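Grab a coffee and open the model in your viewer. Here are some exercises to work through, each with its solution.

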Amino acid sequence: MARTTLTGPDIVTRGLASNRLGVPSVVFFGVAGAAPLTVILGAISTIYAVVGNTAVPLVYFVAALILSLFTVGFVAMSRHIVNSGAFYSYISHGLGRMIGVAAAFIALPAYAAMQIGLLGLFGVVAKGILAASGVKVSWFVCALVGWFLVAILGVLWVDLSGKVLAVLLTVEIAIVLVYDFVMLAHPHGGRVDFGPLNPQQLATPEVVAMLVLAIAGFVGFEATVVLSEEAKDPKKTIGRATHWAVFLPGLLCGVSAWAMSVNAGDIVGRAKADQTDLVFNLVAAYVPEALVNIGYILFLTSVFAAMLAFHTSVTRYQFALGRERVLPRIFGVAHPRTGAPIAGSLTQSVLALGVLILYFVTGTDPLVHLFAWMTVVGGLGVLILMWATSAAVVGFFLRNRRRENVWRARIAPMLAFLLLSVVLAATVIGLGQLLQVKADSPFNWVFPTAYAVCATFGVGWAAIMRGARPDAYAGIGRGTEGFVVPEGVFGRPARPHRVTADVAHHAA
(Lines give C-alpha, C1' and ligand atoms only; values in the text may rest on other atoms or scores of the structure.)
Protein backbone atom coordinates (compact mmCIF):
# COMPACT_ATOMS: atom_id res chain seq x y z
CA MET A 1 0.00 0.00 0.00
CA ALA A 2 1.39 3.40 -0.91
CA ARG A 3 2.57 5.77 1.79
CA THR A 4 1.05 9.24 1.90
CA THR A 5 2.72 11.91 3.99
CA LEU A 6 0.70 14.70 5.55
CA THR A 7 2.16 18.16 5.88
CA GLY A 8 2.50 19.83 9.24
CA PRO A 9 4.97 20.67 11.98
CA ASP A 10 7.16 17.86 13.25
CA ILE A 11 6.49 16.65 16.77
CA VAL A 12 10.04 17.14 17.98
CA THR A 13 10.70 20.56 16.49
CA ARG A 14 7.22 21.68 17.49
CA GLY A 15 7.36 19.98 20.88
CA LEU A 16 10.45 19.64 23.05
CA ALA A 17 13.14 22.27 22.57
CA SER A 18 15.44 20.64 20.04
CA ASN A 19 19.14 21.32 19.44
CA ARG A 20 19.60 22.89 22.89
CA LEU A 21 22.10 20.61 24.68
CA GLY A 22 25.68 19.72 23.82
CA VAL A 23 27.73 16.84 25.25
CA PRO A 24 28.75 18.69 28.48
CA SER A 25 25.17 19.66 29.36
CA VAL A 26 23.85 16.14 28.75
CA VAL A 27 26.72 14.70 30.82
CA PHE A 28 25.83 17.04 33.69
CA PHE A 29 22.24 15.76 33.68
CA GLY A 30 23.47 12.16 33.79
CA VAL A 31 26.08 12.74 36.49
CA ALA A 32 23.62 14.86 38.50
CA GLY A 33 21.24 11.91 38.70
CA ALA A 34 24.06 9.75 40.04
CA ALA A 35 24.87 12.55 42.57
CA PRO A 36 28.50 11.52 43.29
CA LEU A 37 28.97 13.71 46.39
CA THR A 38 25.72 12.42 47.89
CA VAL A 39 26.82 8.85 47.19
CA ILE A 40 30.27 9.45 48.70
CA LEU A 41 28.99 11.14 51.85
CA GLY A 42 25.92 8.95 52.31
CA ALA A 43 26.00 5.60 50.53
CA ILE A 44 29.72 4.78 50.81
CA SER A 45 29.88 5.68 54.50
CA THR A 46 26.74 3.61 55.10
CA ILE A 47 28.09 0.55 53.25
CA TYR A 48 31.30 0.66 55.28
CA ALA A 49 29.33 0.96 58.52
CA VAL A 50 26.51 -1.52 57.85
CA VAL A 51 28.24 -4.22 55.78
CA GLY A 52 31.60 -3.92 57.54
CA ASN A 53 33.63 -4.88 54.48
CA THR A 54 36.61 -2.91 53.15
CA ALA A 55 36.10 -3.97 49.50
CA VAL A 56 33.91 -0.91 48.84
CA PRO A 57 36.32 0.78 46.36
CA LEU A 58 36.58 -2.38 44.24
CA VAL A 59 32.82 -2.87 44.35
CA TYR A 60 32.25 0.60 42.87
CA PHE A 61 34.75 -0.08 40.11
CA VAL A 62 33.02 -3.40 39.35
CA ALA A 63 29.61 -1.68 39.36
CA ALA A 64 30.96 0.87 36.88
CA LEU A 65 32.30 -1.97 34.72
CA ILE A 66 28.90 -3.73 34.66
CA LEU A 67 27.12 -0.53 33.72
CA SER A 68 29.77 0.24 31.12
CA LEU A 69 28.94 -3.09 29.50
CA PHE A 70 25.29 -2.10 29.61
CA THR A 71 25.99 1.26 28.00
CA VAL A 72 27.79 -0.36 25.05
CA GLY A 73 24.54 -1.80 23.67
CA PHE A 74 22.46 1.02 25.12
CA VAL A 75 24.50 3.63 23.25
CA ALA A 76 24.56 1.53 20.08
CA MET A 77 20.76 1.48 20.16
CA SER A 78 20.67 5.25 20.77
CA ARG A 79 22.24 5.74 17.34
CA HIS A 80 19.16 4.17 15.75
CA ILE A 81 16.38 5.42 18.07
CA VAL A 82 16.01 9.04 19.19
CA ASN A 83 13.15 9.23 21.67
CA SER A 84 12.70 10.98 25.02
CA GLY A 85 10.99 7.80 26.23
CA ALA A 86 14.44 6.15 26.55
CA PHE A 87 13.98 2.77 28.26
CA TYR A 88 10.31 2.62 27.29
CA SER A 89 11.08 3.25 23.65
CA TYR A 90 14.03 0.85 23.51
CA ILE A 91 12.06 -1.94 25.15
CA SER A 92 9.17 -1.32 22.74
CA HIS A 93 11.52 -1.77 19.79
CA GLY A 94 13.40 -4.74 21.22
CA LEU A 95 10.75 -6.74 23.08
CA GLY A 96 7.47 -5.50 21.61
CA ARG A 97 4.96 -2.75 22.21
CA MET A 98 3.10 -4.45 25.07
CA ILE A 99 6.28 -5.00 27.08
CA GLY A 100 7.25 -1.43 26.23
CA VAL A 101 4.07 -0.03 27.80
CA ALA A 102 4.62 -2.30 30.81
CA ALA A 103 8.09 -0.73 31.14
CA ALA A 104 6.59 2.75 30.90
CA PHE A 105 4.23 2.00 33.77
CA ILE A 106 7.23 0.94 35.84
CA ALA A 107 9.32 3.95 34.82
CA LEU A 108 6.76 6.55 35.88
CA PRO A 109 6.49 5.55 39.57
CA ALA A 110 10.19 4.65 39.77
CA TYR A 111 11.51 8.03 38.64
CA ALA A 112 8.80 9.89 40.55
CA ALA A 113 9.78 8.03 43.74
CA MET A 114 13.47 8.84 43.23
CA GLN A 115 12.78 12.54 42.82
CA ILE A 116 10.32 12.78 45.71
CA GLY A 117 12.52 10.75 48.04
CA LEU A 118 15.41 13.14 47.49
CA LEU A 119 13.23 15.99 48.75
CA GLY A 120 13.31 14.32 52.17
CA LEU A 121 17.11 14.28 52.21
CA PHE A 122 17.23 17.86 50.94
CA GLY A 123 14.99 19.00 53.80
CA VAL A 124 17.01 17.19 56.47
CA VAL A 125 20.40 18.38 55.18
CA ALA A 126 19.21 21.98 54.78
CA LYS A 127 17.74 21.90 58.29
CA GLY A 128 21.08 20.73 59.68
CA ILE A 129 23.05 23.43 57.85
CA LEU A 130 20.71 26.15 59.08
CA ALA A 131 20.76 24.75 62.63
CA ALA A 132 24.56 24.98 62.63
CA SER A 133 24.13 28.67 61.77
CA GLY A 134 21.70 29.17 64.65
CA VAL A 135 18.55 29.14 62.53
CA LYS A 136 15.89 26.63 63.55
CA VAL A 137 13.44 25.61 60.85
CA SER A 138 11.46 22.47 60.02
CA TRP A 139 12.75 19.98 57.42
CA PHE A 140 9.38 20.44 55.73
CA VAL A 141 9.97 24.17 55.12
CA CYS A 142 13.44 23.44 53.71
CA ALA A 143 12.02 20.71 51.47
CA LEU A 144 9.37 23.14 50.20
CA VAL A 145 12.09 25.56 49.11
CA GLY A 146 13.82 22.79 47.15
CA TRP A 147 10.49 21.67 45.71
CA PHE A 148 9.65 25.22 44.58
CA LEU A 149 13.00 25.74 42.82
CA VAL A 150 12.72 22.42 40.96
CA ALA A 151 9.09 23.15 40.03
CA ILE A 152 10.10 26.51 38.51
CA LEU A 153 13.12 25.17 36.63
CA GLY A 154 11.01 22.26 35.39
CA VAL A 155 8.84 24.54 33.27
CA LEU A 156 11.67 26.72 31.96
CA TRP A 157 14.25 26.11 29.23
CA VAL A 158 16.06 22.79 29.57
CA ASP A 159 19.40 24.43 28.75
CA LEU A 160 18.87 26.75 31.73
CA SER A 161 18.64 23.68 33.96
CA GLY A 162 21.73 22.36 32.20
CA LYS A 163 23.66 25.53 33.08
CA VAL A 164 22.55 25.33 36.71
CA LEU A 165 23.71 21.71 36.88
CA ALA A 166 26.99 22.60 35.17
CA VAL A 167 27.87 25.11 37.88
CA LEU A 168 26.76 22.89 40.77
CA LEU A 169 28.49 19.76 39.52
CA THR A 170 31.75 21.47 38.54
CA VAL A 171 32.14 22.78 42.09
CA GLU A 172 30.95 19.46 43.53
CA ILE A 173 33.53 17.44 41.59
CA ALA A 174 36.23 19.96 42.53
CA ILE A 175 35.56 19.55 46.27
CA VAL A 176 35.55 15.75 45.91
CA LEU A 177 38.97 15.88 44.25
CA VAL A 178 40.32 18.19 46.97
CA TYR A 179 39.05 15.92 49.74
CA ASP A 180 40.48 12.83 48.02
CA PHE A 181 43.87 14.48 47.61
CA VAL A 182 43.92 15.52 51.26
CA MET A 183 42.99 12.05 52.51
CA LEU A 184 45.53 10.28 50.29
CA ALA A 185 48.24 12.80 51.25
CA HIS A 186 47.69 11.97 54.93
CA PRO A 187 47.52 8.16 55.13
CA HIS A 188 46.88 6.50 58.48
CA GLY A 189 50.18 5.38 59.98
CA GLY A 190 52.11 7.22 57.29
CA ARG A 191 51.66 4.46 54.69
CA VAL A 192 49.20 4.20 51.82
CA ASP A 193 47.24 0.95 52.13
CA PHE A 194 46.37 -0.75 48.84
CA GLY A 195 44.61 -3.64 50.60
CA PRO A 196 41.08 -2.42 49.78
CA LEU A 197 41.99 -2.70 46.08
CA ASN A 198 43.01 -6.37 46.37
CA PRO A 199 40.79 -8.38 43.96
CA GLN A 200 40.69 -11.28 46.45
CA GLN A 201 38.22 -9.26 48.50
CA LEU A 202 35.60 -9.79 45.81
CA ALA A 203 35.35 -13.43 46.92
CA THR A 204 33.64 -12.46 50.19
CA PRO A 205 29.92 -13.27 50.56
CA GLU A 206 28.95 -9.64 51.24
CA VAL A 207 30.05 -8.47 47.80
CA VAL A 208 26.71 -9.11 46.06
CA ALA A 209 24.81 -7.01 48.60
CA MET A 210 27.42 -4.28 48.32
CA LEU A 211 27.18 -4.42 44.53
CA VAL A 212 23.43 -3.88 44.72
CA LEU A 213 23.93 -0.75 46.82
CA ALA A 214 26.73 0.48 44.57
CA ILE A 215 24.71 0.12 41.35
CA ALA A 216 21.83 1.95 43.04
CA GLY A 217 24.22 4.87 43.39
CA PHE A 218 24.60 5.10 39.61
CA VAL A 219 20.87 5.35 38.93
CA GLY A 220 20.26 8.50 36.92
CA PHE A 221 23.02 8.21 34.33
CA GLU A 222 20.40 7.10 31.79
CA ALA A 223 18.96 10.63 31.89
CA THR A 224 21.29 11.29 28.97
CA VAL A 225 19.07 9.31 26.59
CA VAL A 226 15.90 10.88 27.99
CA LEU A 227 17.27 14.18 26.65
CA SER A 228 18.07 12.82 23.21
CA GLU A 229 15.43 14.91 21.41
CA GLU A 230 16.81 18.10 22.97
CA ALA A 231 20.47 17.37 22.22
CA LYS A 232 22.61 18.70 19.39
CA ASP A 233 23.37 15.87 16.96
CA PRO A 234 21.80 13.27 19.32
CA LYS A 235 23.22 10.23 17.54
CA LYS A 236 26.72 11.38 18.55
CA THR A 237 26.04 13.51 21.61
CA ILE A 238 24.08 10.91 23.58
CA GLY A 239 26.62 8.13 23.12
CA ARG A 240 29.53 10.21 24.33
CA ALA A 241 27.55 11.71 27.19
CA THR A 242 26.29 8.33 28.44
CA HIS A 243 29.76 6.82 28.61
CA TRP A 244 31.02 9.84 30.54
CA ALA A 245 27.98 9.74 32.85
CA VAL A 246 29.01 6.22 33.94
CA PHE A 247 32.79 6.70 33.91
CA LEU A 248 32.92 9.90 36.01
CA PRO A 249 30.74 8.76 38.97
CA GLY A 250 32.41 5.33 38.94
CA LEU A 251 35.90 6.82 39.09
CA LEU A 252 34.98 9.45 41.69
CA CYS A 253 33.16 7.02 43.99
CA GLY A 254 35.78 4.27 43.73
CA VAL A 255 38.75 6.57 44.34
CA SER A 256 36.94 8.38 47.17
CA ALA A 257 36.04 5.12 48.91
CA TRP A 258 39.71 4.09 48.75
CA ALA A 259 40.95 7.50 49.93
CA MET A 260 38.61 7.30 52.93
CA SER A 261 40.03 3.90 53.93
CA VAL A 262 43.64 5.11 53.47
CA ASN A 263 43.13 8.07 55.78
CA ALA A 264 40.93 6.41 58.38
CA GLY A 265 42.84 3.18 58.99
CA ASP A 266 39.94 1.43 60.72
CA ILE A 267 37.44 2.63 58.13
CA VAL A 268 34.61 0.40 59.37
CA GLY A 269 34.91 1.65 62.94
CA ARG A 270 35.13 5.28 61.87
CA ALA A 271 32.13 4.89 59.54
CA LYS A 272 30.02 3.43 62.35
CA ALA A 273 30.96 6.31 64.61
CA ASP A 274 30.76 9.24 62.19
CA GLN A 275 28.16 8.09 59.64
CA THR A 276 27.50 10.83 57.03
CA ASP A 277 30.01 13.14 58.77
CA LEU A 278 32.80 10.65 58.05
CA VAL A 279 34.51 12.46 55.16
CA PHE A 280 34.19 15.87 56.81
CA ASN A 281 35.71 14.55 60.04
CA LEU A 282 38.55 12.88 58.14
CA VAL A 283 39.61 16.05 56.31
CA ALA A 284 38.82 18.58 59.07
CA ALA A 285 42.29 18.33 60.61
CA TYR A 286 44.03 19.21 57.33
CA VAL A 287 41.88 21.87 55.64
CA PRO A 288 40.42 25.23 56.73
CA GLU A 289 37.05 25.08 58.45
CA ALA A 290 35.58 27.07 55.57
CA LEU A 291 36.37 24.24 53.16
CA VAL A 292 34.47 21.79 55.38
CA ASN A 293 31.51 24.16 55.56
CA ILE A 294 31.57 24.50 51.77
CA GLY A 295 31.43 20.70 51.59
CA TYR A 296 28.24 20.64 53.63
CA ILE A 297 26.66 23.22 51.34
CA LEU A 298 27.73 21.27 48.25
CA PHE A 299 26.20 18.16 49.81
CA LEU A 300 22.92 20.06 49.73
CA THR A 301 23.40 21.29 46.16
CA SER A 302 24.31 17.74 45.08
CA VAL A 303 20.95 16.54 46.35
CA PHE A 304 19.24 19.45 44.59
CA ALA A 305 21.00 18.62 41.30
CA ALA A 306 19.80 15.02 41.54
CA MET A 307 16.23 16.18 42.24
CA LEU A 308 16.29 18.38 39.17
CA ALA A 309 17.72 15.60 36.99
CA PHE A 310 15.06 13.08 38.06
CA HIS A 311 12.30 15.65 37.63
CA THR A 312 13.54 16.17 34.07
CA SER A 313 13.55 12.43 33.43
CA VAL A 314 10.04 11.69 34.64
CA THR A 315 8.56 14.63 32.73
CA ARG A 316 10.23 13.52 29.48
CA TYR A 317 8.79 10.04 29.93
CA GLN A 318 5.35 11.58 30.40
CA PHE A 319 5.85 13.70 27.27
CA ALA A 320 6.80 10.66 25.17
CA LEU A 321 3.79 8.71 26.45
CA GLY A 322 1.41 11.62 25.91
CA ARG A 323 2.70 12.22 22.40
CA GLU A 324 2.09 8.58 21.54
CA ARG A 325 -1.34 8.62 23.27
CA VAL A 326 -0.45 6.03 25.88
CA LEU A 327 -1.21 8.81 28.37
CA PRO A 328 -3.73 11.61 27.71
CA ARG A 329 -2.65 13.92 24.86
CA ILE A 330 -2.09 16.88 27.16
CA PHE A 331 1.10 15.22 28.43
CA GLY A 332 2.48 15.37 24.90
CA VAL A 333 2.19 19.17 24.82
CA ALA A 334 5.23 21.38 25.29
CA HIS A 335 5.25 25.04 26.29
CA PRO A 336 5.43 27.28 23.17
CA ARG A 337 8.38 29.33 24.44
CA THR A 338 10.45 27.08 26.69
CA GLY A 339 9.76 23.74 25.00
CA ALA A 340 9.27 22.17 28.47
CA PRO A 341 6.69 19.37 28.87
CA ILE A 342 4.39 21.58 30.90
CA ALA A 343 1.70 19.07 31.94
CA GLY A 344 4.20 16.46 33.04
CA SER A 345 6.24 18.97 35.01
CA LEU A 346 3.19 20.34 36.82
CA THR A 347 1.88 16.84 37.53
CA GLN A 348 5.16 15.73 39.08
CA SER A 349 5.38 18.91 41.14
CA VAL A 350 1.83 18.53 42.47
CA LEU A 351 2.46 14.85 43.30
CA ALA A 352 5.68 15.70 45.13
CA LEU A 353 3.96 18.44 47.11
CA GLY A 354 1.18 16.07 48.12
CA VAL A 355 3.65 13.46 49.38
CA LEU A 356 5.62 16.07 51.32
CA ILE A 357 2.47 17.33 53.02
CA LEU A 358 1.41 13.76 53.85
CA TYR A 359 4.76 12.95 55.46
CA PHE A 360 4.77 16.20 57.42
CA VAL A 361 1.20 15.84 58.70
CA THR A 362 1.73 12.22 59.78
CA GLY A 363 5.10 12.96 61.39
CA THR A 364 6.85 10.25 59.37
CA ASP A 365 10.66 10.22 59.43
CA PRO A 366 11.77 12.07 56.26
CA LEU A 367 15.25 10.53 56.25
CA VAL A 368 14.31 6.87 56.68
CA HIS A 369 10.82 6.52 55.22
CA LEU A 370 10.91 9.28 52.61
CA PHE A 371 14.51 9.44 51.39
CA ALA A 372 15.86 5.95 52.10
CA TRP A 373 12.72 3.97 51.30
CA MET A 374 11.59 5.85 48.22
CA THR A 375 15.03 6.03 46.63
CA VAL A 376 15.62 2.31 47.24
CA VAL A 377 12.20 1.45 45.80
CA GLY A 378 12.71 3.85 42.89
CA GLY A 379 16.16 2.36 42.31
CA LEU A 380 14.61 -1.11 42.14
CA GLY A 381 12.26 0.09 39.40
CA VAL A 382 15.11 1.62 37.38
CA LEU A 383 17.13 -1.58 37.81
CA ILE A 384 14.18 -3.55 36.39
CA LEU A 385 14.16 -1.15 33.43
CA MET A 386 17.91 -1.55 32.84
CA TRP A 387 17.57 -5.35 32.98
CA ALA A 388 14.70 -5.32 30.49
CA THR A 389 16.53 -2.83 28.26
CA SER A 390 19.62 -5.05 28.12
CA ALA A 391 17.35 -7.86 26.88
CA ALA A 392 15.72 -5.44 24.43
CA VAL A 393 19.11 -4.47 22.97
CA VAL A 394 19.85 -8.15 22.35
CA GLY A 395 16.46 -8.63 20.69
CA PHE A 396 16.77 -5.46 18.62
CA PHE A 397 20.14 -6.34 17.12
CA LEU A 398 19.32 -10.03 16.66
CA ARG A 399 16.82 -8.94 14.03
CA ASN A 400 19.24 -6.56 12.32
CA ARG A 401 22.79 -5.65 13.36
CA ARG A 402 22.47 -2.33 11.50
CA ARG A 403 26.21 -2.04 10.83
CA GLU A 404 27.06 -2.45 14.53
CA ASN A 405 29.94 -4.83 15.25
CA VAL A 406 29.50 -8.10 17.14
CA TRP A 407 30.80 -6.64 20.41
CA ARG A 408 28.25 -3.80 20.50
CA ALA A 409 25.32 -5.75 19.07
CA ARG A 410 25.78 -9.17 20.68
CA ILE A 411 28.49 -9.81 23.24
CA ALA A 412 28.34 -6.71 25.50
CA PRO A 413 24.50 -6.61 25.67
CA MET A 414 24.33 -10.34 26.52
CA LEU A 415 26.99 -10.02 29.24
CA ALA A 416 25.15 -7.01 30.65
CA PHE A 417 21.86 -8.93 30.67
CA LEU A 418 23.39 -11.86 32.56
CA LEU A 419 25.13 -9.68 35.13
CA LEU A 420 22.10 -7.45 35.67
CA SER A 421 19.96 -10.59 36.10
CA VAL A 422 22.13 -11.59 39.05
CA VAL A 423 22.03 -8.09 40.53
CA LEU A 424 18.25 -7.79 40.10
CA ALA A 425 17.62 -11.18 41.70
CA ALA A 426 19.85 -10.26 44.64
CA THR A 427 18.04 -6.93 45.00
CA VAL A 428 14.58 -8.49 45.09
CA ILE A 429 15.68 -11.19 47.54
CA GLY A 430 17.48 -8.75 49.81
CA LEU A 431 15.09 -5.81 49.51
CA GLY A 432 13.97 -6.16 53.13
CA GLN A 433 17.58 -5.80 54.29
CA LEU A 434 18.03 -2.69 52.14
CA LEU A 435 14.88 -1.22 53.71
CA GLN A 436 16.03 -2.48 57.13
CA VAL A 437 12.72 -4.16 57.97
CA LYS A 438 12.09 -7.43 59.79
CA ALA A 439 12.01 -10.75 57.96
CA ASP A 440 8.24 -11.09 58.39
CA SER A 441 7.46 -7.53 57.27
CA PRO A 442 5.14 -7.20 54.25
CA PHE A 443 7.55 -4.58 52.90
CA ASN A 444 9.86 -7.43 51.90
CA TRP A 445 7.53 -8.21 49.01
CA VAL A 446 4.99 -5.40 48.63
CA PHE A 447 7.14 -3.17 46.41
CA PRO A 448 8.25 -5.84 43.90
CA THR A 449 4.62 -6.94 43.79
CA ALA A 450 3.51 -3.36 43.13
CA TYR A 451 5.88 -3.13 40.17
CA ALA A 452 4.53 -6.43 38.86
CA VAL A 453 1.00 -5.01 39.11
CA CYS A 454 2.08 -1.84 37.26
CA ALA A 455 3.64 -3.96 34.50
CA THR A 456 0.53 -6.12 34.23
CA PHE A 457 -1.65 -3.03 34.00
CA GLY A 458 0.63 -1.72 31.26
CA VAL A 459 0.27 -4.92 29.24
CA GLY A 460 -3.50 -4.77 29.66
CA TRP A 461 -3.63 -1.12 28.60
CA ALA A 462 -1.53 -1.87 25.52
CA ALA A 463 -3.91 -4.71 24.62
CA ILE A 464 -6.86 -2.32 24.88
CA MET A 465 -5.04 0.18 22.66
CA ARG A 466 -4.33 -2.50 20.07
CA GLY A 467 -8.01 -3.37 19.83
CA ALA A 468 -9.59 0.07 20.22
CA ARG A 469 -6.96 2.40 18.76
CA PRO A 470 -4.67 0.47 16.39
CA ASP A 471 -3.18 3.66 14.96
CA ALA A 472 -2.04 4.77 18.43
CA TYR A 473 -0.82 1.26 19.21
CA ALA A 474 1.29 1.36 16.05
CA GLY A 475 3.06 4.47 17.32
CA ILE A 476 4.06 3.05 20.72
CA GLY A 477 7.75 3.72 21.28
CA ARG A 478 8.16 5.11 17.77
CA GLY A 479 8.34 8.82 18.61
CA THR A 480 8.04 10.78 15.39
CA GLU A 481 8.44 7.85 13.03
CA GLY A 482 4.76 7.55 12.29
CA PHE A 483 3.06 10.82 13.13
CA VAL A 484 2.90 14.50 12.32
CA VAL A 485 0.62 16.90 14.12
CA PRO A 486 -1.43 20.00 13.40
CA GLU A 487 -1.42 23.13 15.52
CA GLY A 488 -3.27 22.72 18.78
CA VAL A 489 -3.01 23.75 22.40
CA PHE A 490 -0.22 26.31 22.97
CA GLY A 491 0.52 26.00 19.25
CA ARG A 492 1.69 22.43 19.89
CA PRO A 493 0.47 18.91 19.12
CA ALA A 494 -3.28 18.57 19.41
CA ARG A 495 -4.33 15.26 17.91
CA PRO A 496 -1.80 13.04 16.13
CA HIS A 497 -2.75 11.79 12.70
CA ARG A 498 -1.37 8.87 10.80
CA VAL A 499 1.39 9.74 8.42
CA THR A 500 1.25 6.42 6.64
CA ALA A 501 -1.81 4.54 5.57
CA ASP A 502 -0.23 1.20 6.35
CA VAL A 503 1.28 2.00 9.76
CA ALA A 504 -1.44 0.19 11.70
CA HIS A 505 -1.16 -2.80 9.44
CA HIS A 506 2.53 -3.17 10.24
CA ALA A 507 2.05 -2.69 14.00
CA ALA A 508 1.02 -6.28 14.54
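The exercises below go through single residues, their surroundings and a surface patch in this predicted model.

**Exercise 1. Find where methionine 77 sits, decide whether it is buried or exposed, and list what it touches.**

Step 1: Start with the helices. Methionine 77 belongs to helix α3, which covers residues 56-78.

Step 2: Check the accessibility. Methionine 77 has 0% relative accessibility, and buried means under 20%, so it counts as buried.

Step 3: Look around it, skipping residues up to four places away in sequence. Methionine 77 then touches Tyr90, His93, Gly94, Ala392, Val393, Phe396 and Phe397.

Step 4: Now for a long-range pair. Arginine 408 is 331 residues from methionine 77 along the chain, yet their C-alpha atoms are separated by 9.2 Å.

**Exercise 2. Arginine 408 has a polar contact with glutamate 404; work out how long it is and what setting the glutamate has.**

Step 1: Place the glutamate. Glutamate 404 is in the loop that runs between α15 (366-399) and α16 (406-429).

Step 2: Buried or exposed? Its relative accessibility is 4%, so glutamate 404 counts as buried even though it is in a loop.

Step 3: Get the distance. The side chains of glutamate 404 and arginine 408 are joined by a polar contact of 2.6 Å.

Step 4: Add the other neighbours. Leaving out residues up to four places away in sequence, glutamate 404 touches Ala76, Arg79, His80, Phe397 and Ala409. Phe397 also turned up in Exercise 1, among the contacts of methionine 77.

**Exercise 3. Describe the surroundings of leucine 252, then deal with the disulfide count.**

Step 1: Leucine 252 lies in helix α10, residues 234-264.

Step 2: With a relative accessible area of 6%, leucine 252 is buried.

Step 3: Set aside neighbours within four places in sequence, and leucine 252 is in contact with Pro36, Ile40, Ile173, Val176, Leu177 and Asp180.

Step 4: Pick valine 176 from that list. Its C-alpha atom is separated by 7.6 Å from that of leucine 252, with the two positions 76 residues apart along the chain.

Step 5: On to the cysteines. Cysteine 253 is buried, at 3% relative accessible area, whereas cysteine 454 is partly exposed, at 24%. A disulfide needs a pair of cysteine sulfur atoms within 2.5 Å, and the count by that rule is zero.

**Exercise 4. Compare arginine 325 and glutamine 436: what are their phi values, and is each one buried or exposed?**

Step 1: Read off phi. Arginine 325 has a positive phi, near 65 degrees, and glutamine 436 has one of about 60 degrees. Neither residue is a glycine.

Step 2: Locate them. Arginine 325 is in the loop between α13 (289-323) and α14 (342-362), while glutamine 436 is in the loop between α17 (431-435) and α18 (446-468).

Step 3: Check accessibility. Arginine 325 comes in at 5% relative accessibility, so it counts as buried. Glutamine 436 comes in at 63%, so it counts as exposed.

**Exercise 5. Say which residues make up the nonpolar surface patch, and take a closer look at isoleucine 152.**

Step 1: List the members. Val141, Val145, Phe148, Leu149 and Ile152 make a nonpolar surface patch of about 420 Å².

Step 2: Place isoleucine 152. Its helix is α6, spanning residues 139-154.

Step 3: Classify it. Isoleucine 152 has 39% relative accessibility, so it counts as partly exposed. Patch residues need over 30% relative accessible area.

Conventions:
Residues numbered from 1 in each chain as written. Predicted model: local features only at pLDDT ≥ 70, side-chain atom pairs only at ≥ 80, totals over all residues. Heavy atoms only, no water. Patch = residues over 30% accessible without salt bridge, like charges linked within 9 Å, V, L, I, M, F, W, Y side chains within 5 Å. Areas by Shrake-Rupley, 256 points an atom, 1.4 Å probe, with all protein chains shown as cover. Salt bridge = Lys/Arg side-chain N within 4 Å of Asp/Glu carboxyl O. Helix = DSSP H or I, 4+ residues; strand = E, 2+ residues; numbered from the N terminus. Buried < 20%, exposed > 50% of the residue type's maximum accessible area, 1.4 Å probe, protein only. Contact = heavy atoms within 4.5 Å. Polar contact = N/O pair within 3.5 Å; in protein donor to acceptor, adjacent residues only side chain to side chain.
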